[in-house]
Amino acid sequence: MSGGPAVRVSIESSCERQVQEVSLDGVETYVPPLSMSQNLAKLAQRIDFGQGSDSDEEDPSRESRESDWSKQEPEEDGPVKFQPCLWPWDSVRNHLRSALTEMCVLHDVLSIVKEKKYMALDPVSQDPSVAKTPQVFQLISKKKSLATAAQLLLKGAEKLSKSVTESQEQRRQRDFNAELLHLRSQWKLRKVGDKILGDLSYRSAGSLFTHHGTFEVIKNTDIDLDKKIPDDYCPLNVQIPSDLEGSAYIKVSIQKQAPDIGDLGTVNLLRRQPKARPGSQAWHLKLEAAQNVLLCKEIFAQLSREAVQIKSHIPHIVVKNQIISQPFPGLQLSISLCHSTVEKKNQRTSPDKAKPDDHLYVLEHNLHQLIREFHKQTLSSSVMPHPASAPFGPKRLRLAGPMAYDKAEISCLQHGEGLLEKIVKQAKHIFLRSRTARTIDCLASRIEDPQIQAHWSNINDVYESSVKVLITSQGYEQICKSIQLQLNIGVEQIRVVHRDGRVITLSHQEQELQDFLLSQMSQHQVHAVQQLAKVMGWHVLSFSNHVGLGAVESIGNASAITVASPNGEYAVSVRNGPESGCKVLVQFPRCQTKDLPKSDVLQDGKWSHLRGPYKEVHWSRMEGRNFVYKMELLMAALTPCP
């Protein structure tokens with residue numbers, strides 16, 4: 001068979017897979033078989049695209065390829081190894097070859113279109129019936145087409161507007177819920193049926209006012225969704241009772257007593273509304289104003305009830321929205337409820353604006369504090385007794401048994417000042433303090449010598465204030481410190497504490513305080529002469545704050561002092577009264593008195609050393625800026641030279 005033709009035998013690989021790993025326990029791990037894509041890639045790597053497919057003659061390289069196939073067949077069982085690029089520019093060559101092929105195809109297409117010898121392009125034949133269609137039918141067909149398109153556009157616009165409306169409605173609902181949550185964090189709300197109600201009253205704080213103070217929370221639907229939403233739009237609105245609308249305040253003033261009760265009318269004064277805080281909602285301002293109106297009505301109702309129940313020497317008068325009381329003779333305390341609504345704001349109020357603003361804001365603030373203290377006492381009235389076995393009731397009454405209180409003492413313990421009594425006492429104190437300050441200022445502006453100074457204390461009580469009054473002379477403040485007064489201003493009287501500890505009680509009369517200060521200023525001049533004499537070396541012969549000789553003063557008493565020069569030759573006598581003024585007399589030696597008549601009794605020469613009669617000094621002609629300065633010049637002129 002050696003001389004016969006060669007027979008090709010195909011050898012296939014065994015079905016067994018190659019062992020990849022043998023573990024320590026003898027378990028063999030095989031290489032996974034190739035997938036169809038991997039097998040196809042492996043076969044594609046063996047194709048030589050450089051050799052033409054139309055060559056039928058056998059070349060020497062064919063045998064080499066067959067040998068290569070035979071060499072690679074035993075390696076089929078191994079892992080797939082992809083053929084790498086033969087040289088670095090292999091990919092560039094392939095891309096250039098594909099680009100050349102596409103350019104050749106494009107060149108052939110263009111040559112066919114351009115040159116008619118390859119292909120002829122004839123126009124498409126048109127139906128002659130179409131060209132003969134009348135223009136009316138064309139117009140109708142175009143109109144139908146446009147109507148169909150317009151209908152589609154309208155349906156789309158309607159859907160878009162509906163979606164925008166739904167989104168805005170959902171946004172409004174979300175905003176309403178957010179505002180409602182904000183409202184609930186600041187005000188008490190409750191759900192009653194399908195309504196949301198809130199509470200404006202102070203019942204939770206201890207108020208006993210009968211007004212319900214209920215407001216309703218509603219959704220704001222007064223806006224057009226087609227228009228632009230304003231910046232101050234709020235999806236939530238509140239509806240308050242009609243009697244709580246607008247603004248209100250308690251006006252407290254002290255005036256001269258009206259000649260007739262019939263002259264008192266309904267007080268309706270308007271004051272400037274407070275500015276809205278930045279960032280605050282409209283419903284918040286509305287609820288705050290309504291709650292303030294409710295509190296003002298509660299205060300006025302409590303004051304009116306007490307004005308009727310309290311038994312005083314001068315009864316209180318309640319006229320419409322005004323309470324009249326008389327703290328001092330000739331004066332009246334007016335407490336008015338001023339409530340202004342939207343309708344009242346539009347009215348002309350020119351007569352009221354012409355009046356001066358005599359409103360006491362301090363007393364209005366104190367009224368608000370007092371009503372809150374009353375609320376607090378109402379809440380804390382039911383305190384558990386100590387010890388637990390003691391009966392219920394106030395602590396003072398529980399001590400009545402162990403302390404053996406009688407009926408009068410127990411009645412005193414049970415009696416407590418009401419709101420009206422406290423505010424009347426505070427009004428008395430404020431009026432007495434303002435009148436004291438006015439009296440001191442008037443004296444200081446009217447009298448230049450001596451000077452009067454007032455130092456008011458910053459720490460005061462609602463029923464008592466203090467002021468320190470200093471009476472000095474300009475330029476001699478260090479040596480003239482004898483008059484220092486402490487005025488303790490109470491409710492109905494003024495207590496004056498002197499520097500030496502003496503206490504004088506003055507009434508509420510303005511003239512009494514003025515006379516007292518004038519007498520103290522008169523005494524200051526005499527005390528200043530006494531201190532000046534000590535500094536200049538003069539001797540004080542006599543001193544008296546209350547002189548019993550001379551003209552009687554209508555205000556206080558006159559003061560007098562007599563001082564002698566260091567050598568005793570001269571003497572100066574000063575008499576100063578609050579009304580008569582100052583009078584200065586100088587006594588010279590007998591030897592300097594020429595008009596002195598000779599006496600037959602005094603024949604001895606030793607009597608010539610005695611001082612002669614007094615001579616009055618023309619005090620208005622003396623030079624000097626004040627009384628003490630003139631006295632210093634006079635005493636310096638009478639002092640002998642060393």
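Among contacts in the protein chain between residues at least 6 apart in sequence, what percentage join residues at least 24 apart? The figure is 58%, where contact means heavy atoms within 4.5 Å.

Before you start clicking, a word on what is loaded. This is a predicted model, in which local features need pLDDT of at least 70, side-chain atom pairs count only at pLDDT 80 or more, and totals for chains, interfaces and linings use all residues. Residues are numbered from 1 along each chain as its sequence is written, and side-chain values use heavy atoms, with hydrogens and water left out.

**The whole chain**

Show the protein chain as a cartoon: it has 15 helices and 20 strands. These are DSSP runs numbered from the N terminus, helices being H or I with at least four residues and strands E with at least two. Switch to a surface and you have about 44,300 Å² of accessible area, 55% of it belonging to carbon and sulfur atoms (Shrake-Rupley method, 1.4 Å probe; for residues, only the protein chains shown count as cover). Of the 642 residues, 30% count as buried; buried means under 20% relative accessible area, exposed over 50%, and partly exposed in between (1.4 Å probe, protein chains only).

**The largest nonpolar core**

Next, select Leu200, Leu236, Ile250, Leu287 and Ile335. Within the 46 residues of the largest nonpolar core, these five touch the most other members. Such a core is a set of buried Ala, Val, Leu, Ile, Met, Phe, Trp, Tyr and Cys residues joined through side-chain atoms within 4.5 Å. Elements giving two or more residues to this core include helix 5 (135–186), strand 7 (247–256) and strand 10 (331–340). Helix 6 gives the most, with 11 residues.

Centre on Ile335. Leaving aside neighbours within four places in sequence, its contacts include Ile250, Val252, Phe300, Leu303, Ile323, Leu420 and Ile423. For a second, separate core of 23 residues, pick out Cys480, Ile561, Val574 and Met631, which are among its members.

**Helix 9**

Now select residues 361–379, which form helix 9. Its 19 residues should span 27 Å at 1.5 Å a residue, and the end C-alpha atoms are 28 Å apart, which agrees (the expected span is 1.5 Å times one less than the number of residues). Among its buried residues are Leu363, Glu364, His368 and His375. The buried residues of this helix pack against strand 7, helix 6 and helix 13.

**Strands 4, 5 and 6**

Move to Glu216 in strand 5. Leu197 stands opposite Glu216, and Glu216 also stands opposite Gln239 in strand 6. Strand 4 (residues 195–199) and strand 5 run antiparallel, joined by 4 bridges; two strands pair if DSSP finds at least two bridges between them.

**The open sheet and its helix**

Finally, select strands 11 to 15. These 5 strands form an open antiparallel sheet in the order 11-12-13-14-15. Strand 11 (451–456) and strand 15 (503–506) are at the edges with a single partner strand each, so one side of each has no neighbour in the sheet. From one strand to the next, the twist averages 25°. Helix 14 (residues 510–536) packs on the sheet, touching strands 11, 12, 13, 14 and 15, and its direction makes about 145° with that of strand 15 (axes are lines fitted to C-alpha atoms, for helices over the stretch in contact; angles run from 0 to 180 degrees between N-to-C directions).

Two last stops: Leu470 stands opposite Gln484 in strand 13, and Gly501 takes a positive phi near 100° in the hairpin of strand 14 and strand 15, which has 5 residues between the strands.
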